[in-house]
Amino acid sequence: MALASQDVGVVGWATGGGHGLATGKYGMGADNIIEAVVVTPTGEVVAANACQNRDLFWAIRGGGGGTFGVILSVTLKAYPMPSVTLVNLSMSAKNGTHPSSWYRFVARAHAHLDLLQEAGVHGYYTMGGGSLTLQGALLIYDAQNGTVENLLAPMRRFFDASNATATSSLTPLVTLPWYELVEMMPTTESVGTKQSVRASRFIPRKVVKDDIELFAETLEAITSHPGPLNVISPPSISGTMTGSRTPVDNALNPAWRDSVVHIITSQSWDESLPPAVADRVVHNMTYQKGYALRQLAPDTGAYFNEVRMQDLCLLKYAFVANEYISYVGQRKRVNLAVVFFR
C-alpha cells in the first residue's frame, strides 16, 4: 500500500498511520493490522489483537508502535490484486492571472477533489516551487466501463468554467494491475547535502465548503518566499489525498477520516547557507507558514509520520489536534508528554 520509499519500513509506516497508493480504498496501514507481537517496556513479549491486550492493540494502530514497545512482527490484511486507472491532473495559471486569483481557483478545485474522494478516487499532487502550477496523479480502482469519464465530468466542467484563469485537464493515462503501477513509481531516499524544513496540516472538508477565501489566502501565504532565491528553494506544497473515510476504532488521528488533503509545505537549502539565514527560514516556516495552517484548521493536527520533529515543542498544535490528545490520554491513561518525548 505504501509508496516506494527506501526510508520507510512497513511496521513504522502502518503503526504511525500509513498512507499510500491503495489506502483510500482499502484503509490506512493502521486499519489493516490484525495482530502485533510486542515487547513491552517491562520486557514482556505479548500478542496484541482484538481479543488480547486490546488497549495496546488500539494504541499501536495509529499511535506509533515504537511509542508503546518494540514490535517484533505484525499480521496484516491481504486483498485480491486490483486494477488501477491512473489519471493525470494538471492545472496551470494563464499568463496575466493574478496570484490571488490562482490560489482562489485552486482552493475551489479542492471541493471537486473532495467529491472525487467520496466516489473512491484518491491520489497526490504537488504545487508551487516558484510557479503557479499544480500537477497530480489520481487513482481509480477496478473501474467499470464508463465509470472513469462519469467520475471526472463534474471537475472538467469546473475547469471549463474557469478557463479564463487556468489551463487545466484530467487525462486518463493507463489501466493496469496494481503491482505494475507500483513498479512504475520512482524510489525515493533521503540522501545528499541539502537541509530542509516543513510545516503540515490536515485540511478538513468544512474548510473546503465554508472557508474558501481563507483557504486561498493560506495557500498564497505558505508559498511566499523569504530569503535569497539563488540559495533557498521556493516553497512547494505536496498534497496527500489517500485518507480512508471508513471509521475504525484505533489510535489514528480522526482528522484522516474527515480531511480533503494533508498538506505539507517545505523549503530546502544547501548546507553552505549561513546558519543565521537558515534560522530565519526555519523561523518563518514554523511561526508564519505553520501558524497560517494552524489558523486555517485549528482542530485537525498533522500526520504522525510526517510531522517535523522540531515541532515537538508545539506538540498540541503541530502534532495532533488538542482534542485528540485529550481523548487518547483519557482512553489510555497515558502521560503523552512522557511517551512522546522519551
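What follows is a short tutorial dialogue about reading a predicted model.

Me: I'm new to this one. Which order do the strands take in the open sheet of seven strands?

Reply: Keep in mind that the model is predicted. The order is β7-β4-β6-β5-β9-β10-β8, and the pairing is antiparallel.

Me: And which are the edge strands?

Reply: An edge strand pairs on one side only, and here that goes for β7 (166-177) and β8 (194-204). Averaged over this sheet, neighbouring strands are turned by 15 degrees against each other, direction ignored.

Me: Let's zoom in on one pair. How many bridges join β9 and β10?

Reply: Five, and the two strands run in the antiparallel sense. To follow one of them, start at Thr-240: its bridge partner is His-262, in β10.

Me: Which strands does helix α9 lie across?

Reply: Helix α9 (residues 212-222) lies across β8, β9 and β10, and its angle to β10 is about 15 degrees. You can look at α10 in the same view: α10 lies across β8 and β10, at about 5 degrees to β8.

Me: Now salt bridges. How many does the structure hold?

Reply: There are eight. To count, a side-chain nitrogen of Lys or Arg has to be within 4 Å of a carboxyl oxygen of Asp or Glu. One of them joins Arg-156 and Glu-149, with 2.4 Å from N to O. Both ends are partly exposed: Arg-156 has 25% relative accessibility, and Glu-149 has 40%.

Me: Where do Asp-258 and Arg-205 sit in the chain?

Reply: Their side chains meet in a salt bridge at 2.9 Å, N to O. This pair links distant parts of the chain, 53 residues apart: Asp-258 is in the loop between β9 (236-241) and β10 (259-270), while Arg-205 belongs to helix α8 (residues 205-210).

Me: Is Arg-205 buried or exposed?

Reply: Buried means under 20% relative accessible area. Arg-205 comes in at 17%, so it counts as buried. Its partner Asp-258 is partly exposed, at 35%.

Me: What does Lys-206 pair with?

Reply: Lys-206 meets Asp-299 in a salt bridge, at 4.0 Å from N to O. The two are 93 residues apart: Lys-206 is in helix α8, and Asp-299 is in the loop between α10 (275-296) and α11 (315-319). Lys-206 is partly exposed at 47%, and Asp-299 is partly exposed at 42%.

Me: Which residues do salt bridges with shared partners join into one network?

Reply: Asp-114, Glu-118, Arg-205, Arg-245 and Asp-258.

Me: On to backbone angles. What is phi near for Asn-53?

Reply: Near 50 degrees, which is a positive value in a residue other than glycine. You'll find Asn-53 in the loop between β2 (45-48) and α3 (54-60), partly exposed at 38% relative accessible area. Asp-142 is another case: its phi is near 50 degrees, and it isn't glycine either. Asp-142 lies in the loop between β6 (133-141) and α6 (147-161), and is partly exposed at 35%.

Me: Last one. Which residues make the nonpolar surface patch of about 280 Å²?

Reply: Val-45, Val-70 and Leu-72. Exposed means over 50% relative accessible area. Val-70 has 52%, so it counts as exposed. Val-70 is in strand β3 (residues 70-76).

Definitions and conventions:
Residues are numbered from 1 along each chain as its sequence is written. This is a predicted model: local features need pLDDT of at least 70, side-chain atom pairs count only at pLDDT 80 or more; totals for chains, interfaces and linings use all residues. Side-chain values use heavy atoms; hydrogens and water are left out. Helices (H or I, at least four residues) and strands (E, at least two) are DSSP runs, numbered from the N terminus. Buried means under 20% relative accessible area, exposed over 50%, partly exposed in between (1.4 Å probe, protein chains only). Patches are made of residues with over 30% relative accessible area and no salt bridge: like charges are joined within 9 Å, nonpolar side chains (Val, Leu, Ile, Met, Phe, Trp, Tyr) within 5 Å. Accessible areas come from the Shrake-Rupley method with a 1.4 Å probe; for residues, only the protein chains shown count as cover. Two strands pair if DSSP finds at least two bridges between them. Axes are lines fitted to C-alpha atoms, for helices over the stretch in contact, and angles run from 0 to 180 degrees between N-to-C directions. Contact means heavy atoms within 4.5 Å.
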